[in-house]
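Morning, everyone. Please look at the structure on the screen while I talk. I'll take it from the outside in.

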Amino acid sequence: CWSEGHLRRIVPDRPHWAAYFEPIMRDELEKLVAAGKIQKSHIAPLLSLKEAGFCHHKSWGFGRIVSVDLALGRLNIDFTNKAGHSMDLAFSAESLKPIAKDHILARKALDLDGLKREAALHHLSVVKLALSNFGGSATADQIQVVLKDIISSDWKKWWEVARSEMKKDGHFTVPLKKTEPILYQ
């Protein structure tokens, strides 16, 4: 079972251990393909999931990939409401979507306090981050759902200040109706 912590003990510098880990994992996955336990098409998604470190499942939501157990053919994930969940590699490759470390959900998991400070001081950067995770456009309600645990103060007050800054910035299209999407250009 190769976990991120295990590799950091062997090779502590992230860029080096990532370069060290991927060929090993690829070789092991190729062995699983040869044994008929997974398909060749599963290799790229599994490598992407391990590299990203975070994932999303349509039913269980956001999760942090804890480890890959190649001997048992399992991916171990801590979902928000389902910690310590183990999934078959083939099923993981087909049902999980990798989430990058700069995604707002990953940033909330890694550094919620830092994100809260950023939201208090730099409204626009947090709104840009939320919008980038929605493909550049989202409604105010969608943004509020993502930012609800980041904005600890009064949401309406925070949102009015952020909305005013968006209008002044010029890169945002801020609609009059709450149901229409805000666009970042």
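The accessible surface of the protein chain comes to about 10,400 Å². Carbon and sulfur atoms account for 54% of that surface. Keep in mind that this is a predicted model. The chain has 185 residues, and 40% of them count as buried. It has 8 helices and 9 strands. Now take the contacts between residues at least 6 apart in sequence: 47% of these join residues at least 24 apart.

Let's go inside, starting with helix H6. How many of the 10 residues of H6 are buried? The count is 7, so this helix, residues 123–132, is largely enclosed by the rest of the structure. The buried ones are His-123, Leu-124, Val-126, Val-127, Leu-129, Ala-130 and Leu-131. What covers them? The cover includes four helices and strands I'd like you to find: helix H5 (104–121), helix H7 (140–147), helix H8 (155–169) and strand S9 (182–184). Strands S7 (137–138) and S8 (172–173) are also part of the cover.

Next, the core around there. In soluble globular proteins, nonpolar side chains tend to be buried together. Here, the largest nonpolar core has 24 residues. Which of them touch the most other members? They are Ile-143, Leu-147, Trp-158 and Trp-159. H5, H6, H7 and H8 each give two or more residues to this core. H6 gives the largest share, 6 residues. Apart from this core lies another one, of 20 residues, with Leu-46, Ile-77, Met-87 and Leu-89 among them.

Back to Leu-147 for a moment. Leave aside its neighbours within four places in sequence, and Leu-147 is in contact with Ile-104, Val-126, Trp-155 and Trp-158. Two of those names come back in an aromatic cluster, formed by Trp-155, Trp-158 and Trp-159.

That brings us to rings. The whole structure has 6 aromatic pairs. One of them, Phe-54 with Phe-62, is stacked: 5.5 Å centre to centre, with 15° between the planes. Phe-54 and Phe-62 are both buried. Then there is Trp-60 with Phe-79. Their ring centres are 5.4 Å apart and their planes sit at 50°, so this pair is tilted. The pair links distant parts of the chain, 19 residues apart. Trp-60 is in the loop between strand S2 (54–57) and strand S3 (61–69), and Phe-79 is in strand S4 (residues 74–79). Is Phe-79 buried or exposed? Phe-79 is buried, at 3% relative accessibility. Trp-60 is partly exposed, at 29%.

Quick stop at helix H3, residues 43–52. Its buried residues include Ile-43, Leu-46, Leu-47 and Leu-49. Lys-50 and Ala-52 are buried too. Just after H3 comes Gly-53, with a positive phi of about 85°.

Last, the sheet. Three strands form an open sheet in the order S7-S9-S8, with antiparallel pairing. S7 and S8 are the edge strands, and each pairs on one side only. S8 and S9 are joined by 2 bridges. Thr-173 has Leu-183, in S9, as its bridge partner. Just look at the loop between H8 and S8, where you'll find Gly-170. Gly-170 counts as exposed, at 52% relative accessibility. Its C-alpha atom is separated from that of Tyr-184 by 9.2 Å, and the two residues are 14 apart along the chain.

That's my tour. Thanks for listening.

Methods:
Residues numbered from 1 in each chain as written. Predicted model: local features only at pLDDT ≥ 70, side-chain atom pairs only at ≥ 80, totals over all residues. Heavy atoms only, no water. Buried < 20%, exposed > 50% of the residue type's maximum accessible area, 1.4 Å probe, protein only. Contact = heavy atoms within 4.5 Å. Pairing = 2+ DSSP bridges. Areas by Shrake-Rupley, 256 points an atom, 1.4 Å probe, with all protein chains shown as cover. Core = buried A, V, L, I, M, F, W, Y, C linked by side-chain atoms within 4.5 Å. Phe/Tyr/Trp six-rings, centres within 6.5 Å; stacked < 30°, edge-to-face > 60°.
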